[in-house]
Protein chains: 2
Amino acid sequence: MKSFKLLVAVIFLFVLTVHSQDSLVLRKIYDEALVNGKSYENLKYLCKQIGPRLSGSPQAQKSVEWTKSLMESYGFDKVFLQECMVPHWVRGEKEVGKIINGKTSIDVPICALGMSPATPKGGITAQVIEVKSLNELEILGEAAIKGKIVFFNRPFDPRFIETGKAYGAAGDQRFAGPAVAAKLGAVGVIVRSLTESLDDYPHTGTTQFPEGSRKIPAAAISTNGANQLSALLKLKKSPTVQFYFKQNCKTLPDAKSYNVVGEITGSESPNEFITVGGHLDSWDLAEGAHDDGTGIVQSLEVLRIYKAMGMKPKHSIRAVMFMNEENGGRGGDKYAELALKNKEQHIAAIESDGGGFTPRGFTFQDVSTETINNINSNWKELLTPYLADRLSKGGSGSDIAPLAVFKEAVLIGYRVDSQRYFDIHHTPNDVFENVNKRELELGAAAMTALVYLIDQHGIK
Amino acid sequence: MKSFKLLVAVIFLFVLTVHSQDSLVLRKIYDEALVNGKSYENLKYLCKQIGPRLSGSPQAQKSVEWTKSLMESYGFDKVFLQECMVPHWVRGEKEVGKIINGKTSIDVPICALGMSPATPKGGITAQVIEVKSLNELEILGEAAIKGKIVFFNRPFDPRFIETGKAYGAAGDQRFAGPAVAAKLGAVGVIVRSLTESLDDYPHTGTTQFPEGSRKIPAAAISTNGANQLSALLKLKKSPTVQFYFKQNCKTLPDAKSYNVVGEITGSESPNEFITVGGHLDSWDLAEGAHDDGTGIVQSLEVLRIYKAMGMKPKHSIRAVMFMNEENGGRGGDKYAELALKNKEQHIAAIESDGGGFTPRGFTFQDVSTETINNINSNWKELLTPYLADRLSKGGSGSDIAPLAVFKEAVLIGYRVDSQRYFDIHHTPNDVFENVNKRELELGAAAMTALVYLIDQHGIK
């Protein structure tokens, strides 16, 4: 009995020691990020010197070269590119949108949705049919839709506490709406911008037409513009109110591009990988500050902090700048494909793609209740002083999602305060000035902390 | 045994039912705040139609009248003013600050600290002595300080996770530094602005000279200006580098002003009060959006939500717009003084004065460990869906602090994400545009939720 008590005491002390060592390392990680952090100045360069970087654009190529040389300057063990072919869509001239109300017309801010085709050169004018859902559209059917412009106008539901859920609940209008409208004979689609904010920014973003299906021009309209159009449609019956829009975007042949990968090679298990990443491409209208410049510079910062602190990970740690998240996801696919081909083993991946706002915690994809409970009992307390301790089941990120082919890999989403994200998401307002230095740095530190804990203790 | 089990089951079901009723009420509170909220439009009015409202100013009076009439329009049971005399300090003309470097001079942004005296009409020019702390100043002593301008230049420590702690750690330079420098014979004081942000805004704020002590002119300098001055002082020894500043602020006789109080009278214990409040006055340079317009409109919103939902509180609930938090605290003193005089009983008070950012939770002042544990076990889970569930021991707010005379009163601080607060605190950049609608509304809902729980279940 006595020796049992002693054993319990020894184990307790051992656990306590490990825990307090971890606690000290986390404090040093945060100090490095907050006192010597480079993420903010790196983000400034990416936004102001490179700028918008849609897949296939010269700026996307410039961002590949810049992040590669930055990784080299930080002295990572390996720095390399992964070639992949990416869709190459270009917006062309600034789009024009008008509400035609009898003899008068009102200009409204629109922009083509990514991957949309152009209108005919002179634009399209047609009657407008407003719907709130894809289901409503299907019920109306071809007879009602044919020859018309479909106007999807279901707003964000403000009752969701996290705005990502409101985006998820409204998003089908943009992702899938145009294809359904095309199938029913519509000549064009106007989608209410995916935001709760009432303003004059149209929010771009990709739309999808199934392979071989009929494609029609599709554009986003600002929320103020959508409200104006909807109000006029209520006042005056169609066909008095029509919509006109013109865009000359097009899809060019696929272009060659790259993921950029930096690595600190593991001292014990070099073929077992922990990946941290964000996406390097951004929409063409924005600097791509929060989407996803912040994920890029934070991922770089994780490895830089390791170097600066002289920490040697047991497993190999990679920062991956994924290409083409916005309109294809080819970079994410390529990374998983090469990992399989090279017989790598992946134990965990973390993606930062929710903006560079204040950290809240992490969500763990497809883990068991037992695992999430273990994660919480082992690590929550360590992250509480940093207010980044919400650790729950949930999604990860679309670039790392293809790593699900590795059964051992735990896929993790870095989670931030979500209130401001959709005010600027996919708009010209997604600029460096709207990122707070400390919020960005706290995120880089939180990501480094989690990588450190996984590297030291495993995750299951 | 059987009847004991039955009893346990009944109690369990009862607890579960109460809990799930609370959960439904909280959801309705949030829906009302997020769908029909008025806090954002009220804040816009306060910032844009009234604007800066330092104690004693015409705008302060306008804000008293406007909040009173707004409360009346909402149909609160009682709406009344509490008269109090407040300090009346005025800034006068825009201040001028220059680094004198031999024959050249460099303009730097400064502003007088609140309650500071003016410089002589022609300004002050003197050698500069840079210090990092009050202690350093005391050690240097009168011989080194006499006739000089003292430059307090200890920056925010970025390692604090919550910026309020960095403010607390640097704040003595502004609050107390000028009085100490005056005692040692300095002719003026320049204080590095209390922010981590590197920019060109001088941050005002009050300074204190003990009754009857020598007073000298004191001003804040922007962080960029402070860095410039410090760099020059390192390069070239004094007396080559001097500082010049000029300000003509003054303190007028005390002015008459008011707290504005709105009340929904309790159905069971009308003489027991739960107070929610913020402060109506703001610095003269800013719209006082985050400091503390948001606290004002959130406190109003708590009572408006009660009315809109038709909820009848057991205890009386008051929204208090405190006057003169920034440079005197007279409104807070008056509220407690009248509460005592009128033999009111106060069971709880919540102050919102940390900005209208995303809610984190609440801190409870001077409660026992047992109480905070009870609060957590009873309520944390109810607030978790709203991400406002950090409930810990901590401070409350300076307006409600005088209510500590009521031994039964639990004083509570509403806590928000703190990262952006000191970027704009006490500067012309504290404007309506820097407040996010949802963050503001979520705060009003969290405050209402806590008031509801306290009213229903008590707090100890």
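These are my notebook entries on a predicted model with chains A and B, taken up by topic.

**Entry 1: the interface**

I began with the contact between the two chains, and I found that 31 residues of chain A are in contact with 31 residues of chain B. Together, chain A and chain B bury about 2,700 Å² between them, and 49% of that area lies on carbon and sulfur atoms. I then looked up the polar side of this interface, where the count between chain A and chain B is 22 residue pairs in polar contact, both residues being at pLDDT 80 or more. For the elements involved on chain A, I noted that α1 (2-35), β14 (359-364) and α13 (437-457) each give two or more residues to the side that touches chain B. The largest share of that side, five residues, comes from α1(A). Sorted by class, the side of chain A that touches chain B has twelve nonpolar, five polar and 14 charged residues.

With the charged residues in mind, I turned to salt bridges, and between chain A and chain B I found six. One that I looked at by name joins the side chains of Glu439(B) and Arg420(A), with an N to O distance of 3.2 Å.

**Entry 2: salt bridges over the whole model**

Over all chains, the structure holds 46 salt bridges. As an example within one chain I picked Glu301(A), which forms a salt bridge with Arg304(A), the closest N and O atoms being 2.9 Å apart. I checked where these two sit: both lie in helix α9 (residues 289-309) of chain A, three residues apart, which is about one turn of the helix.

**Entry 3: the sheet of chain B that begins with β1**

I next traced an open sheet of eight strands in chain B, whose order is β1-β10-β12-β11-β13-β16-β14-β15, with mixed pairing. Its edges are β1 (78-90) and β15 (390-393) of chain B, and because each has a single partner strand, one side of each is left without a neighbour in the sheet. The twist from one strand to the next averages 20 degrees.

At the β15 end I looked at the pairing in detail: strand β14 (residues 359-364) of chain B and β15(B) run parallel and are joined by four bridges. Within this pair of strands, Thr363(B) stands opposite Ser392(B), which belongs to β15(B). I then asked which helices lie against the sheet, and I recorded two. Helix α3 (residues 58-73) of chain B lies across β1, β10 (250-264) and β12 (315-322) of chain B, running at about 5 degrees to β10(B). Helix α9 (residues 289-309) of chain B touches β10, β11 (269-279), β12 and β16 (410-416) of chain B, and its direction makes about 145 degrees with that of β11(B).

**Entry 4: the sheet of chain B that begins with β3**

Another open sheet of eight strands in chain B has the order β3-β2-β9-β5-β6-β7-β8-β4, again with mixed pairing. The edge strands here are β3 (104-107) and β4 (110-112) of chain B, each of which pairs on one side only. Direction ignored, neighbouring strands of this sheet are turned by 30 degrees against each other on average.

Inside this sheet, strand β5 (residues 124-131) of chain B pairs with strand β9 (residues 241-246) of chain B in the antiparallel sense over four bridges, and Thr125(B) stands opposite Tyr244(B) in β9(B). Helix α4 (residues 134-145) of chain B packs on the sheet, touching β5 and β6 (149-152) of chain B, and its direction makes about 135 degrees with that of β5(B).

**Entry 5: a hairpin in chain A**

In chain A, I looked up strands β2 (residues 96-101) and β3 (residues 104-107), which run antiparallel and are joined by four bridges. They form a hairpin with two residues between them, and Gly102(A) in the turn has a positive phi of about 65 degrees. Asn101(A) stands opposite Thr104(A) in β3(A).

**Entry 6: backbone exceptions**

I kept the unusual backbone angles for last, since most residues other than glycine have a negative phi, and most peptide bonds are trans. A cis peptide bond joins Asp291(A) and Asp292(A), with omega about 5 degrees, and Asp292(A) lies in helix α9 of chain A. In chain B, a cis peptide bond joins Asp291(B) and Asp292(B), also with omega about 5 degrees, and Asp292(B) is placed in helix α9 of chain B.

For positive phi outside glycine, I noted Met115(A), with a value near 80 degrees, in the loop between β4 (110-112) and β5 (124-131) of chain A. I also noted Asn324(B), with a positive phi of about 75 degrees, in the loop between β12 and α10 (330-341) of chain B.

Conventions: Residues numbered from 1 in each chain as written. Chains lettered and ligands numbered in written order. Predicted model: local features only at pLDDT ≥ 70, side-chain atom pairs only at ≥ 80, totals over all residues. Heavy atoms only, no water. Contact = heavy atoms within 4.5 Å. Buried area = accessible area lost by both parts, 1.4 Å probe. Salt bridge = Lys/Arg side-chain N within 4 Å of Asp/Glu carboxyl O. Polar contact = N/O pair within 3.5 Å; in protein donor to acceptor, adjacent residues only side chain to side chain. Nonpolar A, V, L, I, M, F, W, Y, C, P; charged D, E, K, R; others polar. Pairing = 2+ DSSP bridges. Axes fitted to C-alpha atoms, helices over the stretch in contact; angles between N-to-C directions.
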